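Student: Before we look, could you take me through how the parts of this protein are told apart and how they meet?
Tutor: Gladly; here it is, and we can then go through the terms with care.

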Amino acid sequence: MENIMGSYDVVIIGAGVVGSAVARELSRYELSVAVLEKEEDVCSGTSKANSGIVHAGHDAKPGSNKAKFNVEGSKMMPGLAKELDFEFENNGSLVLCFDDADRYKLTELLERGRENGVKELRIIEGDEVRRIEPEVTDEVVAALLAPTGGIVCPFGLTIALAENACDNGVEFRFLTKVENIKKIETDFIITTNRGEIRAKYIVNAAGVYADTMHNFVSSHKLQIKPRKGDYCLLDKGLDGFVKRTVFQLPSSKGKGILVTPTVHGNPMLGPTATETDDREGNETTAADLAYVLEMSGKSVRDVPFRQIITSFSGLRAAEAGGDFVIGEADDCEGFFDAAGIQSPGLTSAPAIGKFLAEQIADRAEAKVKLNWNGKRKRIVKAALLLGEKRAELIKENPKYGKIVCRCEEISEAEIIDAITRTLGATSLDGLKRRVRQGAGRCQAGFCTQRAMELLSEYAHIPIDKVTKNAPGSELLVSKEDE
């Protein structure tokens, strides 16, 4: 075992959106902070496969952690998008009602949202719904309109938070799996697959494994039951099919099958809500995908199913108590949970990060950094520039004129930037998360070879060691391996 022992004020377990948000907020303070992630990159677990919805906050039970952090996070998102330069759209949302007998449920959502502090909510009739969203079916009799709802790229948000945290001094240790945690006097000893790490404080943002981390140190046990959601992604030529995120009335298992635009222009359908015991099981099933197609057709007419370019699934960390578990464990001083983070976890992440960072900084009596920089710029996308500006960019760096990914019009220069910048990509999935190389219609059928060559050259990885994601997913076999 390679010994990489280290000692930190704070160790965060998990580099998903919540862990990265906590890291960024903690980077404001004079604290030594490390993030441990068992995968090869940020945003590789629950955060990578979700709806990308910034929920308005009308669904959560008033007084719950979900309600509190959802509404606060939603308010933070526009300003955060400007600071960290990630894609966010305030497109609004609709919750559809298909039966007059269920109108009372819309009224309950309206009242709940207002109690939670959500602004501008109102119920509109079916004809007005179809006026603002022409593809909505004739079966819709009314809907709850939430103008403050939005959409965001889960990859873009998480990577922006992590990059900014790293630029401000937070260390990220990838391929580092936590195997045990012990409290010894005032410190924690964290045993990983690569050695032991010591910390004064721990933030548990381990997604579907957050109960395992918590239960290492607390007698008040948590229980997470993963819930799998299958999605279908449509071609971006259908941008504008729906303008708002279209929900169905929620059930006990979630917000039902939605139809939504994405910030990249690909309409998306899903998710299902299937309980599973497999915390790594993210395969799609024919039955679940068929259900997505059937139920999405209830909300909008003429769903262009033939334009589906891929399907995927993600796991949500549903805790037995039904709410987010946020804050210091009752019987383990210094251990802070961010557990049970399912929907609306993506929306809530910035607020959760701020809350936990402030608690830890107060406990540690940490001073605010005088040189903290909360701004970050995204990777330049040449295809979005107007002709003259794009020509100037290519003249300055001809690699912007060499297209690697035709579907998404991604240039060599963009891929090189994705590899060489802070927390740069080390895998093909890492490139996809940062610049969408391979995310288009052909699903990497054209661009994989050149992307591998660039990863090999600029990340200094032997070509036969380039992976799709974590080690073990190499695409080439060397003669030595035969």
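Student: What makes up each domain of the protein chain?
Tutor: The assignment, which is automatic or taken from a database, gives domain 1 as 4-47 + 155-221 + 322-364, domain 2 as 90-150 + 225-319 and domain 3 as 382-465. Residues are numbered from 1 along each chain as its sequence is written. The model is predicted, so local features need pLDDT of at least 70 and side-chain atom pairs 80 or more, while totals for chains, interfaces and linings use all residues, and side-chain values use heavy atoms, without hydrogens and water.

Student: How do you know how much area domain 1 and domain 3 bury between them?
Tutor: Buried area is the accessible area (1.4 Å probe) that two parts lose on being put together, summed over both, and here that is about 940 Å², with 53% of it on carbon and sulfur atoms. Of the area that domain 1 buries against domain 3, E40, D41 and E163 supply 48%, more than any other three residues.

Student: Why is the pair D41 and R433 called a salt bridge?
Tutor: The term requires a side-chain nitrogen of Lys or Arg within 4 Å of a carboxyl oxygen of Asp or Glu; the closest N and O atoms of D41 and R433 are 3.3 Å apart, so the pair qualifies. Across the interface of domain 1 and domain 3, the rule finds four salt bridges.

Student: Which helix gives the largest share of the side of domain 1 that touches domain 3?
Tutor: That is helix 5 (residues 154-167), with six residues; a helix here is a DSSP run of H or I with at least four residues, numbered from the N terminus.

Note on methods: Helices (H or I, at least four residues) and strands (E, at least two) are DSSP runs, numbered from the N terminus.
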